[in-house]
Amino acid sequence: MKKYKTLLMLPLLLLLIGCIERVAVGPTLTDSQTVELGDIDSVEVDIQMGVGELDIAGGSANLMDAEFTYNIEDWRPEVLFEQRGSRGELTVSQPEGEITGIPDDHIEYRWQVILYDDIPMDMDVDLGVGESDLNLSGLDLESLVVDTGVGEATIDLTGDWQESFDVRINGGVGETIVYLPENVGLRLEADTGIGSLVVNGLQRDGDSNVYTNAAYGESEVNITLDINGGIGEITVQVGR
């Protein structure tokens with residue numbers, strides 16, 4: 001099975017890496033950036049990483065405190081914040097490049113993004129090739145969209161949620177695990193494609209692709225998940 005998965009992953013991996021511009025590898029740099037909270041009442045957060053390791057968590061005293069580590073100057077992350085009325089728009093992205101080849105040397109590329117807990121947030125995370133740890137349990141999410149790309153991704157949604165929200169996860173190639181809280185209503189609808197799906201802690205509704213827990217429809221807080229699988233493995237686990 002693992003050999004079969006590897007054969008499926010190789011052409012997609014080469015396609016994604018082929019979109020990276022040939023760039024020079026230099027000394028490892030660390031860039032710390034802060035975005036102040038200001039007077040916004042809600043925020044849209046858009047995080048786009050092409051290649052590398054990404055960690056996201058709550059706990060910042062500002063809207064965002066981030067530390068970026070990289071050894072390719074042309075890939076210095078771009079941070080853009082705009083305020084439209086009382087709503088903020090925060091974008092963190094990896095610069096794009098032309099399709100000219102694959103870097104020959106070792107790449108160091110890591111982001112640690114810490115966000116403010118107590119502000120309503122719509123989050124969109126677009127992953128490429130690499131490993132990601134999205135510890136979102138302390139945030140005030142209103143919606144979440146994650147495109148998992150190629151690699152390994154952990155999405156932690158456990159915690160004490162006070163409001164309902166929707167989640168959409170678009171699977172790619174690799175392994176994704178989603179942790180869900182135990183004390184709210186949960187509904188999952190899944191379209192796995194040719195990948196695999198494992199669901200622990202939810203009951204399947206007959207032969208459908210819908211899974212729920214006993215609290216769904218009874219709880220004041222409900223989390224609704226829509227999972228579109230790719231070629232990889234997706235595991236949904238209630239509790240940790």
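Strands are DSSP runs of E with at least two residues, and they are numbered from the N terminus. In the predicted model described here, Ser164 can be placed by this numbering in the loop between strand 11 and strand 12, the latter spanning residues 165-170. With a relative accessible area of 38%, Ser164 is partly exposed, because this value falls between the limits of 20% for buried and 50% for exposed residues. When its neighbours within four places in sequence are left aside, Ser164 is in contact with Glu220, Val221 and Asn222. A further relation concerns Asp140, which lies 24 residues from Ser164 in sequence, while the two C-alpha atoms are 9.9 Å apart in space.

The chain as a whole gives the setting for this loop. It contains one helix and 19 strands, and of its 240 residues, 41% are buried. Among the contacts with a separation of 6 or more, 69% are made by residues that stand 24 or more positions apart. The accessible surface of the chain amounts to about 12,000 Å², and carbon and sulfur atoms account for 45% of that surface.

Charged side chains were examined next. Side chains of opposite charge can pair when their charged atoms come close. In this chain, the count of salt bridges comes to seven. One of them joins Arg84 to Glu82, with the closest N and O atoms 2.8 Å apart. Arg84 is classed as exposed because its relative accessible area, 52%, is over 50%, whereas Glu82, with a relative accessible area of 32%, is partly exposed. These two residues also belong to a network of salt bridges that links Glu82, Arg84 and Glu89.

Another salt bridge is formed by the side chains of Asp156 and Arg240, with a distance of 3.0 Å from N to O. This pair links distant parts of the chain, since Asp156 is in strand 11 and Arg240 is in the segment after strand 19 (233-238), the two residues being 84 residues apart. The accessibility of the two partners can be set side by side: Asp156 is buried, because its relative accessible area of 6% is under 20%, while Arg240, with a relative accessible area of 66%, is exposed.

A salt bridge is also present between Glu189 and Arg187, where the closest N and O atoms are 3.4 Å apart. Glu189 has a relative accessibility of 38% and therefore counts as partly exposed, and Arg187, at 23% relative accessibility, is likewise partly exposed.

Some charged residues are instead part of a surface patch. Glu53, Asp55, Glu131, Asp133 and Glu152 form a negative patch on the surface. Two elements, strand 3 (51-60) and strand 9 (129-135), are those that give two or more residues to this negative patch. Glu152, a further member of the patch, is found in strand 11, which covers residues 150-156. At 46% relative accessibility, Glu152 counts as partly exposed, and this value satisfies the requirement for patch residues, because they must have over 30% relative accessible area. Strand 11 thus appears in several parts of this description, as Glu152 lies in strand 11, Asp156 of the salt bridge with Arg240 is also in strand 11, and the loop that holds Ser164 runs between strand 11 and strand 12.

Conventions:
Residues are numbered from 1 along each chain as its sequence is written. This is a predicted model: local features need pLDDT of at least 70, side-chain atom pairs count only at pLDDT 80 or more; totals for chains, interfaces and linings use all residues. Side-chain values use heavy atoms; hydrogens and water are left out. Patches are made of residues with over 30% relative accessible area and no salt bridge: like charges are joined within 9 Å, nonpolar side chains (Val, Leu, Ile, Met, Phe, Trp, Tyr) within 5 Å. Accessible areas come from the Shrake-Rupley method with a 1.4 Å probe; for residues, only the protein chains shown count as cover. A salt bridge is a side-chain nitrogen of Lys or Arg within 4 Å of a carboxyl oxygen of Asp or Glu. Lys and Arg count as positive and Asp and Glu as negative; His and the chain ends are not counted. The place of a charge is taken as NZ of Lys, CZ of Arg, CG of Asp or CD of Glu. Helices (H or I, at least four residues) and strands (E, at least two) are DSSP runs, numbered from the N terminus. Buried means under 20% relative accessible area, exposed over 50%, partly exposed in between (1.4 Å probe, protein chains only). Contact means heavy atoms within 4.5 Å.
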